Amino acid sequence: MASVDVRDTVEILLDCNEKGEKLSRKFPASIYMVPSILRDLSPSSFEPRVVSIGPLHREDKILKDFDEQKTLYLFRLLNRLVPSGSSPRQTLNKCLHRVETLITEIRNCYVGMNPYSDAELAKMMVMDACFILEFLFPSEESENLIRGNITLTSSIYQDLVLLENQIPFVVLQEIFDCTLSTLFKVILTSAVLEKLKFLLPFSVIRYDGFDTKPNHILGLLQKSFHQSSHPTNVLTPQEFRKPSAVELDMAGVKFKGNEYGNEQIAIEHMSCWFPCFCRFWGHPTLTMPVMRIYDNTEQFLRNAIAYEQCTPDVPNCLTSYACALDFLVDDTKDVIKLVESKVIINNLGSNEDAANMLNSIAKQVVLTQFYYIKQWEQLDTYMNAYWPKRIAQLRRTYFSSPWSFIALIAGIVLFALTIVQTIFTIKAAYK
């Protein structure tokens with residue numbers, strides 16, 4: 001058996017120690033390949049179809065054909081600046097200089113990319129940032145190109161929000177400052193959010209100047225769901241009852257879609273005619289952000305959830321909301337109830353398709369922080385109260401189907417007729 005050279009082994013381990021020390025000083029990565037435990041549930045939700053952004057899918061052969069189109073977008077962007085006195089060479093020199101100063105920070109954002117040189121990575125960042133800006137803020141020529149191929153354009157929009165297909169937002173900001181900031185007097189975060197809000201399943205979005213810039217475009221859309229990244233009701237989850245929408249409805253809980261207010265799930269006050277009896281007879285209303293389900297909703301939610309699950313210090317806002325919907329939806333009947341209550345607007349097709357999507361979206365998700373545990377504890381307390389429990393049991397027994405209801409009415413009518421017959425029999429006997 002060959003002897004082990006202890007000195008060589010020690011040197012190897014020391015090199016690993018030094019590498020580990022350097023890695024520990026890095027900022028947390030925010031762009032990476034999605035873990036297989038999430039990817040295997042829906043591989044197509046994470047794979048770009050048309051364009052590669054950043055280094056993780058740069059070598060995908062199916063995306064190579066679009067690289068020539070990127071150069072066309074770059075050409076149009078640079079030539080829009082000529083009238084303002086900036087030649088393409090001057091603009092590119094300025095862009096590259098800005099990116100070169102950020103190259104270490106850029107590398108720290110990625111996990112699992114190929115070993116590109118600093119020059120290759122800087123060129124990639126400038127090219128991709130210019131493409132994104134010209135695509136989102138097009139010249140007349142680019143806009144005609146975009147409108148001319150709706151299918152291609154739709155796929156590009158969806159590619160821009162994939163977790164594995166991002167560049168750091170700081171790069172996009174720097175290139176914008178070097179180029180289009182002279183033509184568009186806008187805040188880039190707000191402008192990009194306005195351009196991409198149609199991809200979000202929620203109608204109410206806000207980005208009211210967070211303390212830090214988003215990590216990337218997907219991070220920007222994720223941040224827009226909640227106004228604050230530090231809610232007061234984040235608790236460690238525990239085992240609690242998860243009644244479906246139909247079960248809650250049978251117990252008297254109402255549902256209400258919230259399009260314009262706070263984007264949190266909330267339990268509204270108990271509503272009844274006499275306040276003193278609210279505790280026994282009032283019905284709570286569960287208000288939720290209205291979700292519009294489109295063909296791309298599953299893709300966006302899966303990428304946002306993967307981003308929240310795998311990135312330190314990113315709050316699990318969308319993960320909690322997806323899990324809340326998963327708790328409420330057991331089957332098609334629950335989707336129908338939420339559609340009737342205008343909590344869900346289903347543009348996907350059948351309600352069965354929507355139910356399958358909502359049930360699968362939270363699979364393999366590790367929920368360490370459930371934002372709405374307080375609301376579910378309130379629902380559990382209500383469901384365990386005497387009258388809601390009896391009402392739910394009564395409705396399940398006699399109102400779960402038309403035939404049960406007909407049988408109940410028939411029984412009541414028969415009982416009434418029996419009483420009437422008895423009364424007439426007694427009167428006849430006394431005569």
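The predicted model has a mean pLDDT of 81 over the chain, and 75% of the residues reach 70 or more. Confidence is not uniform along the sequence. Over residues 21-25, pLDDT stays under 50, and the model has 0 contacts beyond four places in sequence for this segment. A further segment, residues 271-280, likewise stays under 50 in pLDDT, but for these residues the model has 8 contacts beyond four places in sequence.

The chain contains 21 helices and 7 strands. Of its 431 residues, 44% are buried. Among contacts between residues at least 6 apart in sequence, 76% join residues at least 24 apart.

Helix 4, which spans residues 67-80, was examined through its packing against two other helices, helix 8 and helix 7. The axis of helix 4 comes within 9 Å of that of helix 8 (residues 140-148), and the two cross at roughly 150 degrees. Helix 4 is therefore roughly antiparallel to helix 8, since an angle over 145 degrees is classed in this way. On the side of helix 4, the contact is formed by Q69, L72, Y73 and R76; the residues that they meet in helix 8 are E141, S142, L145 and I146. By character, the residues of this contact comprise 4 nonpolar, 2 polar and 2 charged.

The arrangement of helix 4 with helix 7 (residues 118-136) has its own geometry. Here the axes come within 8 Å and cross at roughly 70 degrees. Because angles of 65 to 115 degrees count as roughly perpendicular, helix 4 and helix 7 are assigned to that class. Helix 4 contributes K70, T71, Y73, L74, R76, L77 and R80 to this contact, and these residues meet M127, D128, C130, F131, E134 and F135 of helix 7. The residues involved divide into 7 nonpolar, 1 polar and 5 charged. Two residues of helix 4, Y73 and R76, appear in the contact with helix 8 and also in the contact with helix 7.

Helix 7 is also a packing partner of helix 11. In helix 11, which covers residues 188-196, the buried residues are L188, T189, A191, V192, L193 and L196. Besides helix 7, these buried residues pack against helix 9 (150-159), helix 10 (169-178) and helix 12 (217-223).

Individual buried positions were considered next. S320 lies in helix 16, a helix that spans residues 317-328. With a relative accessibility of 0%, S320 counts as buried. Beyond residues up to four places away in sequence, S320 touches L367, Q369, F370, Y371 and Y372. One of these partners, Q369, is 49 residues from S320 along the chain, yet the C-alpha atoms of the two residues are separated by 7.6 Å. A second buried position, P284, is located in strand 5 (residues 283-289). The relative accessible area of P284 is 4%, so this proline is classed as buried. P284 and A251 stand 33 residues apart along the chain, with 10.0 Å between their C-alpha atoms.

Two residues in loops were notable for their backbone geometry. Most residues other than glycine have a negative phi. D313, however, is not a glycine and has a positive phi of about 70 degrees. D313 is found in the loop that links helix 15 (297-310) to helix 16 (317-328), and at a relative accessible area of 76% this residue is exposed. Q364 is also a residue other than glycine with a positive phi, in this case near 65 degrees. The position of Q364 is in the loop between helix 18 (351-360) and helix 19 (373-383). Q364 has a relative accessibility of 46% and therefore counts as partly exposed.

Cysteines were also assessed for disulfide bonding. A disulfide is a covalent bond between the sulfur atoms of two cysteines. With a limit of 2.5 Å between cysteine sulfur atoms, the count for the model comes to 0 disulfides. As for the surroundings of particular cysteines, C310 has a relative accessible area of 29% and is partly exposed, whereas C323 is buried, with a value of 7%.

Technical notes: Residues are numbered from 1 along each chain as its sequence is written. This is a predicted model: local features need pLDDT of at least 70, side-chain atom pairs count only at pLDDT 80 or more; totals for chains, interfaces and linings use all residues. Side-chain values use heavy atoms; hydrogens and water are left out. Axes are lines fitted to C-alpha atoms, for helices over the stretch in contact, and angles run from 0 to 180 degrees between N-to-C directions. Helices (H or I, at least four residues) and strands (E, at least two) are DSSP runs, numbered from the N terminus. Angles under 35 degrees count as roughly parallel, over 145 as roughly antiparallel, 65 to 115 as roughly perpendicular and the rest as oblique. Contact means heavy atoms within 4.5 Å. Ala, Val, Leu, Ile, Met, Phe, Trp, Tyr, Cys and Pro count as nonpolar, Asp, Glu, Lys and Arg as charged, and the others, Gly among them, as polar. pLDDT is the predictor's confidence in each residue, from 0 to 100. Buried means under 20% relative accessible area, exposed over 50%, partly exposed in between (1.4 Å probe, protein chains only).
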